[in-house]
Amino acid sequence: MANGKINVAVENIFPLIKKFLYSDHEIFLRELISNATDAISKLKHLSSIGEVKGEIGDPRIEVKVDKDSKKIHIIDEGVGMTAEEVNKYINEVAFSGAEEFLEKYKDNAKDSGIIGHFGLGFYSAFMVAEKVEIITKSHQKAPAAHWICDGSPEYSLEKADKKERGTEIILHIAEDSTEFLEEARIRELLNKYNKFMPFPIKFGTKEETLPLPEDAKEDAKPETQTVDNIINNTEPAWTKTPSDLKDEDYKSFYRQMYPMQFEEPLFNIHLNVDYPFNLTGILYFPKIKNDLNLQKDKIQLYQNQVFVTDNVEGIVPEFLTLLRGVIDSPDIPLNVSRSYLQADGAVKKISNYITRKVADKLSSLFKKDRKSFEEKWNDIKVVIEYGMLTEDKFYEKADGFMLYPTTDGSYLTYSELEAALKDSQTDKDGKLILLYASNADEQHQYIEAAAEKGYKVLLLDSPIIAHLIQKLEGDKENIAFTRVDGDAIENLIKKEEAVVSKLSDEEKEKLKPMIEGVVPGEKFTVKLEAMDSGGMPFVLTQPEFMRRMKEMQQTGGGMMGAFPEMYTLLVNTNHEFVGQILHTKTAKKRERLIQQALDLARLSQNLLKGEALTAFIKRSFDLIK
Ligand code: ADP
Ligand code: MG
């Protein structure tokens, strides 16, 4: 019928584009299936307005791999094209789109800033094929058309005898792309990009077991039949209205998305907005382990049910990237750099909307069923704390549902905490002192001691808690967090009568240099204090500020510079053992007692390691033998 030359300014852009997109060749399949989907959508639309007469049935798409003749076929039952339309949409539109693309990206397509998922369209077929054919029959009364192009700007367009409406694209796979002739590879791509597309996609066949008839004999074998293998779920949960979905539907969709996850999600958030931007989706809260790096099943981004990427950085606020689920929005610009994305007004709105929805959901869960919210707290707190730390809007909302667990098993909000402690746990200036432990096992001794004095101790054990505490102290008026083994605990107004010292001032003056003579001064500051005689003789505390800065450094941020290890050694002058030190005559024996007591105090703080630990054990055996 005709031969022609594609009208492009760049002579032979095929090899060029191939080079530019070397890492992303696989998107050709997504693009061609998207076109097939569009063709079916158009057909359905034309049928609904009466422009296509008669039943159109249930149009589908089929993908076939013919390894022997090195071909992939993508067949659809959509609108099809007339020869004129092929000329217009393929020779002019598709190629001009590709040319425009090239023009735009030739300098920086390989720049890591560009998201590797752009709609290259029909043209992307040439990333993997040395020759492409289109055989298409329009829904209109016109002969079918056959277009062939071998990767040079020349093409041929002839009549074909295809009878059924629709389009078949035939890719003659190039030598360097034969991986795509493997069925497993195509299956993998379909599963990645097309799992939730809106029209059925057939890929091969499968065996299906038929149910046994009611009167079947006991040893009867069930029969099987060969059926089409449809690879996609055409109506994924996020496209439905929340009121049509039950809890079980959300869970089963989760299993579909993450078949390797055996743990059920804690709850989900259905996103649904169409103004001022279009966005649907479902986010799931999984149980989040303390290890923030171990996140491999990520939120997936779709555009109109086509998978785009699972790198949602810049679109979803960072603290929510710990969640799972899907976001589907045609309004997210994807062929731009990440930094542009973050600055984009529309994207900022989307990100704010998601943050707000998550905060609202958490707030309603908290209000509706506090007990179950408390039970989930340990699995969700990292996300909430991370969010409070990084998003001010979220911080404001979270104040109502952020929980502060106590070591005795209750969970209080900030205002409940304030009400409970404002009269009992303050320093002399009336500052609210919030005692907390970061590890219930390691700080057991201190928690016990504080509880005995009637103080409430919080259990704040997330890896980023030091940062959050810092922020809370800056934000709330007149409060200070103090770890139970920190030194500021001494500032608390004592509830009971001050303990009377059993040692006289003279004795104390004698004792202090004795201890300082043994304890390394660059690490420990010795402080004598009359404490409960039932407690420990030597107790190590660490300045709250120093320790917190160090923790913040470890988890990123905080002040720079190395912080020295500094401890206060509290010596309980009322303890029998301390009296014994004072009254031991021989210097050698006394030094051994001090050393032993210091090591025990270090041991209780998990600070005794290596050579010091070995020496301690040896000395202990000497003492008991
Ligand atoms: P886009 O899909 O963004 O329009 P493409 O390069 O993917 O760009 O496709 C160009 C045009 O070719 C489409 O807009 C459509 O008109 C036509 N086309 C491509 N594939 C098909 C198909 N399978 N059936 C009908 N028309 C098609
Ligand atoms: Mg397209």
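Right after helix 11 comes Gly-454, and its phi is positive, near 90°. Helix 11 itself spans residues 444-452, and its buried residues are Gln-445, Tyr-446, Ile-447 and Ala-450. Keep in mind that this is a predicted model. Here's the rest of the picture, from helix 11 out to the cores, strand 10 and the ligand.

**What helix 11 leans on**
- The buried residues of helix 11 pack against three strands and a helix: strand 17 (432-437), strand 18 (457-459), strand 21 (538-541) and helix 16 (587-604).

**The chain overall**
- The protein chain has 17 helices and 22 strands.
- It runs to 625 residues, and 49% of them are buried.
- Take the contacts between residues at least 6 apart in sequence: 72% of these join residues at least 24 apart.
- The chain's accessible surface is about 31,700 Å², with 49% of that belonging to carbon and sulfur atoms.

**Two nonpolar cores**
- As a general rule, nonpolar side chains in soluble globular proteins tend to be buried together.
- In this model, the largest nonpolar core counts 60 residues, and the ones with the most contacts inside it are Phe-285, Ile-354, Leu-362, Phe-394 and Phe-481.
- Helix 8 (residues 370-390) gives this core its largest share, eight residues.
- Domain 2 (237-375) and domain 3 (403-498) each put at least three residues into this core.
- Phe-481 has a long contact list even when you skip its neighbours within four places in sequence: Tyr-404, Leu-434, Tyr-436, Leu-458, Leu-460, Ile-469, Leu-472, Glu-473, Glu-544 and Arg-548.
- There's also a second, separate core of 57 residues, with Ile-40, Leu-181, Ile-186 and Phe-196 among its members.

**Strand 10: Phe-267 and Asn-268**
- Phe-267 sits in strand 10, which covers residues 267-273.
- With a relative accessible area of 9%, under the 20% cut-off, Phe-267 counts as buried.
- Leaving out residues up to four places away in sequence, Phe-267 touches Leu-283, Tyr-284, Phe-285, Lys-361, Leu-362, Leu-365, Lys-376 and Ile-380.
- One of those partners is Leu-365; it's 98 residues from Phe-267 along the chain, yet their C-alpha atoms are 9.4 Å apart.
- Asn-268 is in strand 10 too, and this residue is also buried, with a relative accessible area of 11%.
- With the same sequence neighbours set aside (up to four places), Asn-268 touches Asp-247, Tyr-250, Ile-282, Leu-283, Tyr-284 and Lys-361.
- Leu-283, Tyr-284 and Lys-361 turn up in the contacts of both Phe-267 and Asn-268.

**Around ligand 1**
- Ligand 1 has 11 residues around it, and those that come nearest are Asn-35, Asp-76, Gly-121, Phe-122 and Thr-167.
- Asn-35 places a polar side-chain atom 2.8 Å from an oxygen atom of the ligand.
- Asp-76 has a side-chain N or O atom 2.9 Å from a nitrogen atom of ligand 1.
- Phe-122 takes part through its backbone, where a polar atom is 3.0 Å from a ligand oxygen atom.
- On its own, ligand 1 would expose 530 Å², and the protein buries 77% of that.
- Two helices, helix 2 (27-48) and helix 3 (83-105), each contribute at least two residues to the shell around ligand 1.

Key. Residues are numbered from 1 along each chain as its sequence is written. Chains are lettered from A and ligands numbered from 1 in the order in which they are written. This is a predicted model: local features need pLDDT of at least 70, side-chain atom pairs count only at pLDDT 80 or more; totals for chains, interfaces and linings use all residues. Side-chain values use heavy atoms; hydrogens and water are left out. A nonpolar core is a set of buried Ala, Val, Leu, Ile, Met, Phe, Trp, Tyr and Cys residues joined through side-chain atoms within 4.5 Å. Buried means under 20% relative accessible area, exposed over 50%, partly exposed in between (1.4 Å probe, protein chains only). Helices (H or I, at least four residues) and strands (E, at least two) are DSSP runs, numbered from the N terminus. Domain bounds come from an automatic or database domain assignment. Contact means heavy atoms within 4.5 Å. A residue is near a molecule or strand if one of its heavy atoms lies within 4 Å of it. A polar contact is a pair of N or O atoms within 3.5 Å; within protein, one must be able to donate a hydrogen and the other to accept it, and residues adjacent in sequence count only if both atoms are side-chain atoms. Accessible areas come from the Shrake-Rupley method with a 1.4 Å probe; for residues, only the protein chains shown count as cover.
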